[in-house]
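Got your viewer open? Grab the mouse and follow along, one selection at a time.

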Amino acid sequence: MSHHFSKLQVGDSLSVRGPKGRFLYRPGAVKALGMLAGGTGLTPMFQVSRAVLENPKDSTKIYLIYANVTYEDILLKEELDNFHRKYPGRFSVHYVLEKPPNDWEGSVGYISKELIQSFCPAPSPDIQMLRCGPPMMNKAMQAHLDALGYSKETQFQF
């Protein structure tokens, strides 16, 4: 959305909607959360991650795949990397860039079924898969999750 906002002129109008759905998380309700985020779709993922990780009674593991167009588009990178360092074995983040810099070590392109299989928990009744991103991404992620065998009950879209 930031790219779109930057092109607006004074006096332009913008229609908005949301938030979509209500996600209720109870500590220990699942053993793991898989998160698929694109761009500003990181916002609810970050909020859930912080609540889970900062609760000493919660041992839920979090697996985040976070996609952006460029390195500069990555929001809260320092905070996400700090979560990874501060909560080893409980929080992992994998970055995906469409247009990476030459020295990029993360994935390139888009979140694929193969990336989900590699970096997220396997389908199971005791995990939850969360997704938030642009509409086309959300549609693709739902198709990937369905194809990989994640039940509708274990999927949530912000």
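Start by selecting Met 45. Leaving out residues up to four places away in sequence, Met 45 touches Met 35, Leu 36, Ala 37, Leu 64, Leu 130, Arg 131, Cys 132 and Phe 158; contact here means heavy atoms within 4.5 Å. Before you click on, a note on what you're looking at: this is a predicted model, where local features need pLDDT of at least 70 and side-chain atom pairs count only at pLDDT 80 or more, while totals for chains, interfaces and linings use all residues. Residues are numbered from 1 along each chain as its sequence is written, and side-chain values use heavy atoms, with hydrogens and water left out.

**Stop 1: the cores**

Which residues have the most contacts inside the largest nonpolar core? They are Met 45, Leu 64 and Phe 91, in a core of 26 residues. A nonpolar core is a set of buried Ala, Val, Leu, Ile, Met, Phe, Trp, Tyr and Cys residues joined through side-chain atoms within 4.5 Å. Buried means under 20% relative accessible area, exposed means over 50%, and partly exposed is in between (1.4 Å probe, protein chains only).

Colour the elements that give two or more residues to this core: β1, α2, β2, α3 (77-86), β3 and β5. The largest share, 6 residues, comes from α2. These labels are DSSP runs numbered from the N terminus: helices are H or I with at least four residues, and strands are E with at least two.

Then pick out a second, separate core of 16 residues, which includes Val 96, Ile 116, Met 129 and Met 141.

**Stop 2: the sheet**

Switch to a cartoon view. You'll find an open sheet of 6 strands in the order β4-β3-β2-β1-β5-β6, with parallel pairing. Two strands count as paired if DSSP finds at least two bridges between them. Why is one side of β4 (107-108) and of β6 (155-157) left without a neighbour in the sheet? Both stand at the edges, each with a single partner strand, so there is no neighbour on the other side.

Next, select β3, residues 91-97. Its link to β4 is made by 2 bridges, and the two strands run parallel; here Leu 97 stands opposite Val 108 in β4. Turning to β2, you get 7 bridges between β2 and β3, again running parallel. One spot to zoom in on is Ile 65, whose bridge partner in β3 is His 94. Since 6 of the 7 residues of β3 are buried, β3 is largely enclosed by the rest of the structure.

**Stop 3: two helices across the sheet**

Select residues 42-53, which are helix α2. Helix α2 lies across β1 (32-38), β2 (61-68), β3 and β5 (127-132), and runs at about 155 degrees to β1. Now try helix α5, residues 135-148: α5 lies across β1, β5 and β6, at about 155 degrees to β5. For these angles, axes are lines fitted to C-alpha atoms (for helices, over the stretch in contact), and the angles run from 0 to 180 degrees between N-to-C directions.

Back in α2, click on Ser 49. Is Ser 49 buried or exposed? Its relative accessible area is 1%, so Ser 49 is buried. Ser 49 touches Met 35, Ile 62, Phe 83 and Phe 91, not counting residues up to four places away in sequence.

Thr 43 lies in α2 too, but at 42% relative accessibility Thr 43 counts as partly exposed. An unreviewed UniProt entry lists Met 1, Ser 2 and Thr 43 for "binding site"; UniProt positions are given in the numbering used here, feature names are shortened, and annotations may be inferred rather than shown by experiment.

**Stop 4: the rings**

Show the aromatic side chains. How many aromatic pairs does a search of the whole structure find? There are 7. Rings of Phe, Tyr and Trp (its six-membered ring) pair if their centres lie within 6.5 Å; planes under 30 degrees apart count as stacked, over 60 as edge-to-face and the rest as tilted.

Phe 83 and Phe 91 make an edge-to-face pair, 5.4 Å centre to centre with 75 degrees between the planes, and both are buried. Ring pairs link Phe 46, Phe 83, Tyr 87 and Phe 91 into a cluster.

Finish at Phe 156 and Phe 158, an edge-to-face pair at 5.0 Å centre to centre and 80 degrees between the planes. Phe 156 is buried at 17% relative accessibility, and Phe 158 is buried at 19%.
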